[in-house]
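Grab a pencil and work through these exercises with the model open beside you. Each task is followed by a solution that goes step by step.

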Number of protein chains: 2
Amino acid sequence: MTHQTLESGDRPAGAPAADRGLGRVATQRVVLFPEGDPLRLDNGALLAPVEVAYETYGTLNAAGTNAVVVCHALTGDAHAAGHHGDPERRGWWDVLIGPGRAVDTDRWFVIASNLLGGCRGTTGPSSIDPRRGEPYGLDFPALTIADLVRVQRALVERLGVRRIHALVGGSLGGMQVLEWLLQAPEQIDRALIVAATARLSAQNIALSTAAREAILRDPGFDDGRYVGRGPGPRAGLAAARMLGHVTYVSEQALETKFDRRRRDPDAPPPRDGHDWFAPDFEVEHYLHHQADSFLQRFDALSYLYLTRVMDAFAPFERDDAAERLAALAGAGTEVLVGSFSSDWRFGPEHSDRLAAALEAAGASVRRRAFSSPWGHDSFLLPIDPYLREVAALLEA
Amino acid sequence: MTHQTLESGDRPAGAPAADRGLGRVATQRVVLFPEGDPLRLDNGALLAPVEVAYETYGTLNAAGTNAVVVCHALTGDAHAAGHHGDPERRGWWDVLIGPGRAVDTDRWFVIASNLLGGCRGTTGPSSIDPRRGEPYGLDFPALTIADLVRVQRALVERLGVRRIHALVGGSLGGMQVLEWLLQAPEQIDRALIVAATARLSAQNIALSTAAREAILRDPGFDDGRYVGRGPGPRAGLAAARMLGHVTYVSEQALETKFDRRRRDPDAPPPRDGHDWFAPDFEVEHYLHHQADSFLQRFDALSYLYLTRVMDAFAPFERDDAAERLAALAGAGTEVLVGSFSSDWRFGPEHSDRLAAALEAAGASVRRRAFSSPWGHDSFLLPIDPYLREVAALLEA
């Protein structure tokens, strides 16, 4: 069985594949939990249908043992690598995934899917509630990271995977990897948890709360009933994204990229409030661009749901934590826990605590603290020592 | 001439004054620039009337040489110390100012005024524009920190002050102190600049932009015409305050105070979005409280104006910087530049750059890096080494 969404026809003959990455890929959809076979969530609710958007790259071997499963972060989607028609606009983890890359699609069968609760093809709060024939809105059930993982496990099974060669994810993606390791380690040979945490700090929660409140208090949110009816909480979602984005990059990265440069240094002094609050500094233009493009591709309800999922995650504080950790140690999964020096969202101290808990339980853990000036988003960037370490993990 | 707003009658005889602080005080108002004598702003605009709300504590000596002038931060006001009727609700710098305190009101004549552009009694964008008989809104002129200082200089002169014994301020207040030192150092004997900066970083600007955009994009902002017409951009202002507040406290402070404690740890798991986004963690309750009380006392237009004033401030990059610095060195003013270890808004590196520029020009500077876990807001807190250093500055 081949799950090949790669169309390699647009790669010129003679060009080394490793230099060009994947070609054109396509997102597919599958209903994993139809109305007669609903998903049971952690809070007891039943959800159906659950449709999942996913992409695959490379070919599954006959034994079903060469899968690499990619878990995405808060605002990611199934389009992890390659392109959808414009070779300049590539998937969010294209630096990591492709022929000859750290996650080598010539060898591994890569699966990336959009999260439960998302808005990029997988069932989420802006999907239609079949009972009412209208978008769920806030009627969509509350989720946990364990729920997100259950859906991905069902997808992997559906695709014929018998063993997971590697499970990889950064940020919220890394949190899913951790939960998956604690939920069902026996099937997983290797795992990458990068720029992630096993426990949001009070500051982490506070920043997410501020972002969520911008959305929840926006009159356009209309108690979650905006989907299909109006523009929605665009003001709040834009502010949430700007705030979020500042926390994804380091102070040093912003300084290096923008310092205090103004787009028009020779502009006359502002006259009054009508001309004073428009973007002036380059860093402001950058944030406006981030917000504008985010509004085009992301849904406010998914933002609320997926950030709230993160707040609650505390796997080492569960009653069954010791038992789950022991099972992971017993499975012998090789775990690489990586962090980036300038990450102030889930910085090295988060990774250290996470890795220490795994080590204490006897799991096989390699810790790597990568030096990077680019902050939390470093896990998306072509930082060579990091890419080499991921490649080594997959080869081990 | 006595400017005594202290009502000491509510201090019980026998109780040491130093233990109780100032008693009841009152805010006063004065028109400094009437319609016939407008204030000329940096951008060339003329503004009148300019009314200023201020408080004074203690008594001006006959020579007019014992004044301590207090500059407030972004969301402060003229009510720096004492109380307005409820002894439990005290001015924002009460830990510093009072009988026997670091700024000893038994010896010094303390002046604190609300900023130009503010909303706590001094003329600002929500004041009535006399030309139109309506609130200014965005027609209110753009301001600079130099403009804010000009108004305070006019107040100090009006009150009969000949020399300023000490000029003190934290954060935006410290930026005003710095500008005042560069604008008119000859009258100032001592100055405290604490938790301040001479140059916002790209990250500082980005955080302020995110907060402003929450307000500007809120439909309730209505292009600044909400004053007296509607509730205004309450959603945006609340989100801005929550975001801002997270940056005023350190990660460690939030961790110590709140960790991941939930108000109701035994609550059943959330069912859906209707019950999932209400405050749950204690840190969320705290932020909601901060936002609610802020909405009751602060105006969104003033928030926009006063944060934008900070963005533009870069006194050492002006063409006349060397000349102004030389004048400060020549005046011989003693400057104490203080920072707090956990401040991530205007941390020690901001103070160090500021102090280094003053030192390089030959000014008399003492640098103090105070250890504190409480972040930017430390300058408002009773941190003994800091209070002692301020007391020593005033005694020197």
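A residue is called buried if its relative accessible area is under 20%, exposed if over 50%, and partly exposed in between (1.4 Å probe, protein chains only). This is a predicted model, where local features need pLDDT of at least 70, side-chain atom pairs count only at pLDDT 80 or more, and totals for chains, interfaces and linings use all residues. Residues are numbered from 1 along each chain as its sequence is written, chains are lettered from A and ligands numbered from 1 in the order in which they are written, and side-chain values use heavy atoms, with hydrogens and water left out.

**Exercise 1. The two recorded positions**

Task: find out which residues UniProt lists for "binding site", and work out whether A:Asp377 is buried or exposed.

Solution.
- Step 1: The unreviewed UniProt entry lists A:Arg241 and A:Asp377 under "binding site". UniProt positions are given in the numbering used here, feature names are shortened, and annotations may be inferred rather than shown by experiment.
- Step 2: The pair spans 137 residues in sequence, yet no two of their C-alpha atoms are more than 14.0 Å apart, so they gather at one spot.
- Step 3: A:Asp377 has a relative accessible area of 18%, so it counts as buried. You'll find A:Asp377 in the loop between β14 and α12 (384-395) of chain A. Helices (H or I, at least four residues) and strands (E, at least two) are DSSP runs, numbered from the N terminus.
- Step 4: A:Arg241 is buried too, at 9%, and its place is in helix α5 of chain A.
- Step 5: Now look for contacts, meaning heavy atoms within 4.5 Å. Leaving out residues up to four places away in sequence, A:Asp377 touches A:His245, A:Tyr248 and A:Val249. On the same terms, the contacts of A:Arg241 include A:Tyr248, A:Thr75 and A:Phe294.

**Exercise 2. Checking a helix**

Task: work out what span the 15 residues of helix α5 (residues 234-248) of chain A should have.

Solution.
- Step 1: The expected span of a helix is 1.5 Å times one less than its number of residues.
- Step 2: For α5(A) that should come to 21 Å, and the end C-alpha atoms are 21 Å apart, which agrees.
- Step 3: As for its surroundings, 14 of the 15 residues of α5(A) are buried, so this helix is largely enclosed by the rest of the structure.

**Exercise 3. Walking across the sheet of chain A**

Task: find the order of the eight strands in the open sheet of chain A, and say why one side of β1 and of β14 is left without a neighbour.

Solution.
- Step 1: Two strands pair if DSSP finds at least two bridges between them. Following the pairs gives β1-β4-β8-β5-β11-β12-β13-β14, with mixed pairing.
- Step 2: β1 (28-33) and β14 (364-370) of chain A stand at the edges with a single partner strand each, so one side of each has no neighbour in the sheet.
- Step 3: From one strand to the next, the twist averages 20°. Axes here are lines fitted to C-alpha atoms, for helices over the stretch in contact, and angles run from 0 to 180 degrees between N-to-C directions.
- Step 4: Helix α2 (residues 145-158) of chain A packs on this sheet and touches β1, β4 (50-57), β5 (67-71), β8 (109-113) and β11 (164-170); its direction makes about 110° with that of β1(A).
- Step 5: Zoom in on β11(A), where seven of seven residues are buried. β11(A) pairs with β5(A) in the parallel sense over five bridges, with A:Val168 as the bridge partner of A:Val70. Four bridges join β11(A) to β12(A), again running parallel, and there A:Gly169 stands opposite A:Ile193.
- Step 6: Strand β12 (residues 190-194) in turn pairs with β13 (residues 334-340) of chain A, parallel and over five bridges. In that pair, A:Leu336 is the bridge partner of A:Leu192.
- Step 7: Helix α11 (residues 348-360) of chain A also packs on the sheet, touching β12, β13 and β14, and its direction makes about 160° with that of β13(A).

**Exercise 4. How confident is the predictor?**

Task: find the mean pLDDT of chain A, and where pLDDT stays under 50.

Solution.
- Step 1: pLDDT is the predictor's confidence in each residue, from 0 to 100.
- Step 2: Chain A has a mean of 94, and 95% of its residues reach 70 or more.
- Step 3: The values stay under 50 over residues 1-18 of chain A.
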